[in-house]
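Work through the exercises below with the model open. Each task is followed by a solution in steps.

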Amino acid sequence: MIGTVREYNHFIGGEWVPPGSGKFIERRNPATWQLVSRFADGTPEDAKRAITVARQAFDSGPWPRMSGMDRARILFRLADLIRNEKEQLAKMETEETGKPIKLSRGDMDGCIGLIEYAAGLAQQLHGECYSNLGERHTALVIREPVGVVGMIVPWNFPALIFCQKMPFALAAGCTVVAKPSEFTSSSTLEISRLALKAGVPAGVINIVTGYGAQVGQAIVDDPDVDFISFTGSTVTGKRVIASSADTLKKVSVELGGKSANIVFADADLDDAIDGTMLGVFFNNGETCCACSRLIIEDSIADKFIEKLVERTRQLKVGNPLNLDTDIGALIHEKHADKVKGFIKTGQEQGAKLLAGGLKSLPDECQTECFVLPTIFDHVKTEMSIFQEEIFGPVLSITRFKTINEAIRIANSTRYGLASAVWTKNIDKAMVVSREMKSGTVWVNTVIDGSAQLPFGGYKTSGFGREMGQAGFEEFTEVKTVNIHIGKREPFYNIDKN
């Protein structure tokens, strides 16, 4: 630590290891431009060092050979340590991401819940026994840890997404090499420090900071890494999948989204308005499963939209460290410019701007990283703001008249991460849920989840799952042990005389 600026080396083998480059990446708070962190600028050689340590820890270290109960006890201790440092971790998260502090605190609570749930799974991992194969055969189907796991974590939920991966991998007995985003590495490094304090053996968790082209690519390419768990954009995810082909390693990718939010006339409209706002403006709109497409029944559209716009205009945009802030700063100026570009394109393509847009920002917005919560009406399915992931606080509205039209509109993007349905008719809710081409469907709620529930996408939103039993099993391999009892009958009937 230097003054008020955090400075970190890599975390490898339980030690703080300087970067081979001797260089550091500076991170400035996107809301103020104040320098808050410096992270080691990693090289492929740094990544290889971490992978070698993780490989040794898996092949000959104690962690994969511990009982599930022992691993669980350590993970429970880690959850307690994070609970004790929750406020400090949340402040780091807000300083680096620009998200409101109240959301960062919620993220830390989520991390604790994920780790505790994974600890429970560590105690329950079991296989199957088949004793019905005849009197001379018994077979076991067992689950073993997949090995060394490479994790690539994005900037929008740095701690939370790390904890959707890391504790599940550890619960299965794996070792980890992770690359957090170069913008938001502090919480990942701090949680790894706490894991060592909790009793996770040195070398089980290794963190190499830096850029994707150097560190991330090295992790993906290395034959000593058995599994890649990636969260990020669809474009980068495709490159990860292509690169992994040379080593034929297992890959799970959670990618982009453009989630639909369908509101029927029989919904509780106040709930649906609140859910619509949460669905698109939560976390500054920088959410892969953001419900950024409102698809609303025509008979209630005008009344619903009027109330939605009125409430959206009341949202407070400003300093993320203020408790009353609803929308903070986007991750960096280049990304904010991209979001503003989509707003401009929406207007040029003929969508009707109802709120937000490129108007002047409040005085407390000190940088160019702020974007007003924005709503467009009369959005056609071919428009860019309907089809493309904006990753900012921008909502598009499209109207429908029949249930089949709503389903068609909802499914008319290449993404399939999540969707939401608002109706008090259970038959309608089930019909729509079954027809949605997405990995998650929320009914009368949105941006809602639990550690027990698997999360992942359809179509170009990726494959594989995180969280839940399904997410846990991603970090295991299945092995069949076929046992013959007694002396075998000869296969070739040869007269030995």
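**Exercise 1. A partner in a salt bridge**

Task: Is arginine 414 buried, partly exposed or exposed? Find its salt-bridge partner and place both residues along the chain.

Solution.
- Keep in mind that this is a predicted model.
- Start with accessibility. Arginine 414 has a relative accessible area of 39%, so it is partly exposed.
- Next, find the partner. The side chain of arginine 414 meets that of glutamate 388 in a salt bridge, at 3.3 Å from N to O.
- Now place the two. Glutamate 388 sits in the loop between α12 (384-387) and β17, while arginine 414 sits in the loop between α13 (403-410) and β18 (415-416). The pair therefore ties together parts that are 26 residues apart in sequence.
- Finish with the partner's accessibility. Glutamate 388 is partly exposed, at 28%.

**Exercise 2. A salt bridge between strands**

Task: Which residue forms a salt bridge with arginine 399? State where each partner lies and whether it is buried or exposed.

Solution.
- The partner is aspartate 377, and the closest N and O atoms are 2.6 Å apart.
- Arginine 399 belongs to strand β17 (residues 394-400), and aspartate 377 to strand β16 (residues 374-377). The two are 22 residues apart, so the pair links distant parts of the chain.- The cut-off for buried is under 20% relative accessible area. Arginine 399 has 18% and is buried. Aspartate 377 has 3% and is buried.

**Exercise 3. A salt bridge within a helix**

Task: How are glutamate 190 and arginine 193 separated in helix α6? Give the geometry of their contact and the accessibility of each.

Solution.
- Helix α6 spans residues 186-198. The two residues are three apart in this helix, which means a separation of about one helical turn.
- Their side chains meet in a salt bridge, with N to O at 2.7 Å.
- Glutamate 190 is buried, at 9% relative accessibility. Arginine 193 is partly exposed, at 28%.

**Exercise 4. Count and network**

Task: How many salt bridges does the structure hold? Which residues are joined into one network by salt bridges that share partners?

Solution.
- The structure holds 30 salt bridges.
- Shared partners join Arg6, Lys91, Glu95 and Glu96 into one network.

**Exercise 5. Cysteines and disulfides**

Task: How many disulfides are found in the whole structure? Explain why cysteine 289 and cysteine 288 do not form one.

Solution.
- The search finds zero disulfides.
- Recall the bond in question. A disulfide is a covalent bond between the sulfur atoms of two cysteines.
- Take the cut-off. The two sulfur atoms must be within 2.5 Å.
- Compare the distance. The cysteine sulfur closest to that of cysteine 289 is in cysteine 288, at 4.7 Å, so it is too far for a bond.
- Add accessibility. Cysteine 289 is buried, at 9%. Cysteine 129 is exposed, at 51%.

**Exercise 6. A nonpolar surface patch**

Task: Which residues make the nonpolar surface patch of about 210 Å²? Locate leucine 140 and give its accessibility.

Solution.
- Leu140, Ile483 and Ile485 make the patch.
- Leucine 140 is in strand β7 (residues 137-145).
- Leucine 140 is partly exposed, with a relative accessible area of 31%.

**Exercise 7. The surroundings of a serine**

Task: Where is serine 461, and is it buried or exposed? Identify its polar contact and its neighbours from elsewhere in the sequence.

Solution.
- Serine 461 lies in the loop between β21 (458-459) and β22 (462-463).
- Its relative accessible area is 0%, so serine 461 is buried.
- A polar atom of the serine 461 side chain lies 2.6 Å from the backbone oxygen of glycine 256.
- Set aside neighbours within four places in sequence. Serine 461 is then in contact with Val253, Glu254, Leu255, Gly256, Gly257, Tyr415, Gly416 and Leu417.

Conventions:
Residues are numbered from 1 along each chain as its sequence is written. This is a predicted model: local features need pLDDT of at least 70, side-chain atom pairs count only at pLDDT 80 or more; totals for chains, interfaces and linings use all residues. Side-chain values use heavy atoms; hydrogens and water are left out. Buried means under 20% relative accessible area, exposed over 50%, partly exposed in between (1.4 Å probe, protein chains only). A salt bridge is a side-chain nitrogen of Lys or Arg within 4 Å of a carboxyl oxygen of Asp or Glu. Helices (H or I, at least four residues) and strands (E, at least two) are DSSP runs, numbered from the N terminus. Patches are made of residues with over 30% relative accessible area and no salt bridge: like charges are joined within 9 Å, nonpolar side chains (Val, Leu, Ile, Met, Phe, Trp, Tyr) within 5 Å. Accessible areas come from the Shrake-Rupley method with a 1.4 Å probe; for residues, only the protein chains shown count as cover. A polar contact is a pair of N or O atoms within 3.5 Å; within protein, one must be able to donate a hydrogen and the other to accept it, and residues adjacent in sequence count only if both atoms are side-chain atoms. Contact means heavy atoms within 4.5 Å.
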